[in-house]
Amino acid sequence: MPEVRRRTLLAGAAALGGTAAAVAAPGTAVAAPASPATSTPLVTLGPDDPRYSSLTRRGSNGRFVGKPERVHVVSTTEQVVAAVQRAVRDGKRIAVRSGGHCFENFVDDPSVRVLIDTSPMRAVRYDAARRAFAVEPGALLGEVYRALFLGWGVSIPAGAPAEVGVGGHVLGGGYGTLSRRYGLSVDHLYAVEVVVVDRSGRARSVVATRDPEDPHHDLWWAHTGGGGGNFGIVTCYWFRDPAAKGDDPARLLPKAPASALSFSATWNWKDIDERAFTRLVRNHGTWHEHNSAPDSPHTDLFSVLMLSTRNTGTFSLVGHLDATMSDAERRMRAYVDAVGSGTGTKPAVQHTVRPWLEAAALVQETNPAPFKVKCGYLRKGYTDRQLTALHRHLAGPVSENISGALWLVSYGGKVNTVAPDATAVAQRDSILKAVYMTGWEGEETAGAKPLAWLRAFYHDIYADTGGVPVPGPVSDGSFINYPDRDLADPNLNTSGVPWHTLYYKGNYARLQRVKARWDPRDEFRHGLSIRPAG
């Protein structure tokens, strides 16, 4: 895959590439800036302003570029309230952007007339009154990791690359390299501050917490995996481990490891026939079936099997472990050997040990380029029929001149200790996330062939369930932070299972009730937004 496309996909696939990015390219960790002064004015600009293009083209997916009538660049909660109130008064559709990594056109849709840009809201601080860490939505993950680690030696289990904004990442659940060990970002979410609009059209801010006695508790719950753009605009997150006690901030979130062992194992496609490929992918699934329990000694091991199309020449397994464990290198080599066992070929293996912050907070500078991503949770490895289909689409004639890939991302562990209804993330017994992707250069018309390839690939994998990952023995739906509007298209989803069941399973009805209470006018909406309960 051309470098611009590969790196764009790294940027877009928010929790996928922590290790991949660390292995693939160097970068620079950045510090979280100070909280903006409350006197900073609300910035409002239109298409004639020289800043307009920079703000409307910040999305990482070059397929979509918005044309809002105005952009509000906000620095405080009060400014968000004012911007939302003005949009409601004028009858204008609203969208919000933090890091700019939405895969679909939910922000850059032609119907969006007012864009609220939260990128200046980047403070990360300890809030002694709530005994929790306050993080504003414009903060980038790398900034959050650096501030938490250098200040207190702690972290939250979240994704990569470091340039992804907290704002939308957490709302879908938030997972990454530490999740097998510590769970999801939302499993550590204590509270949210949200700007909402009531039935009369009045905008206001509300703080909702995980305390079941909080009258706003349902609003907190909806933000633990309900996805962005549904209920309002989050202006602050507070994080604290639910099991933490006392008021020592260094004990209120998980400890980050001092160092990470990052590795890559690369196979040449010319050495891999269909039998070897099938064996390798089956081995990978089997390893995760056997090593994804919460008490597994391998929960510190996170990896991505990056199966690129054959025309790229190679494919890789990348990952990292906690290097402070004395047997890290031995376990890494045993893992690579287990995945490659019986294939008759040896990969080129590289590894390096580096400080954890360097591995976690690398910044990937990416340029927007067109791409499409589809996703599915896996409860167990692929079936034999699916393995045959994988090879056909990645290595057969149908993949000629296609830049595409399937990434199989480690999951499970501590993630699966939480009840499916305790947060809005319903998928709590999966072991892998499967991410199908393609990218191209040029105009949208250039994407016709790659998009057709990706849709056929995805449909073939899930042919037994109407072309989509219907929850069952192998699959468990999809991930709302990798939104895919195809799932709502009856021509592409012939399962009879609605798109919202694929994302939310049995939690959707409760999300609808929260929507009806907190956004009764449906001011916050997009192509896959929660529909208000009738």
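**Helix H9, residues 274–290, in the predicted model****.** Helix H9 holds 17 residues, and at 1.5 Å a residue these should span 24 Å; the C-alpha atoms at the two ends of the helix are 24 Å apart, which agrees with that expectation. Several residues of H9 are buried, among them Ala276, Phe277 and Thr278, followed further along by Leu280 and Val281. The buried set of H9 also includes Asn283, His284 and Gly285, as well as Trp287 and His288. As a general point, an α-helix has 3.6 residues a turn, so residues three or four places apart point the same way.

**The hairpin of strands S7 and S8****.** Strand S7, which covers residues 189–197, runs antiparallel to strand S8, residues 203–209, and 7 bridges join the two. Within this pairing, valine 195 has serine 205 of S8 as its bridge partner. Between the strands of the hairpin lie 5 residues, and in this turn glycine 201 has a positive phi of about 95°.

**The whole chain, as a setting for the close-up views****.** The secondary structure of the chain amounts to 15 helices and 16 strands. With a radius of gyration of 22 Å, close to the 24 Å that the globule rule gives for 534 residues, the chain is as compact as a globular protein of that length. The C-alpha trace spans about 65 × 50 × 45 Å along its principal axes, and 63% of the 534 residues count as buried. Of the contacts between residues at least 6 apart in sequence, 74% join residues at least 24 apart. Carbon and sulfur atoms account for 51% of the accessible surface of the chain, which comes to about 18900 Å².

Terms used:
Residues numbered from 1 in each chain as written. Predicted model: local features only at pLDDT ≥ 70, side-chain atom pairs only at ≥ 80, totals over all residues. Heavy atoms only, no water. Pairing = 2+ DSSP bridges. Helix = DSSP H or I, 4+ residues; strand = E, 2+ residues; numbered from the N terminus. Expected span 1.5 Å × (residues − 1). Buried < 20%, exposed > 50% of the residue type's maximum accessible area, 1.4 Å probe, protein only. Rg over C-alpha atoms; globule rule 2.2 N^0.38 Å. Contact = heavy atoms within 4.5 Å. Areas by Shrake-Rupley, 256 points an atom, 1.4 Å probe, with all protein chains shown as cover.
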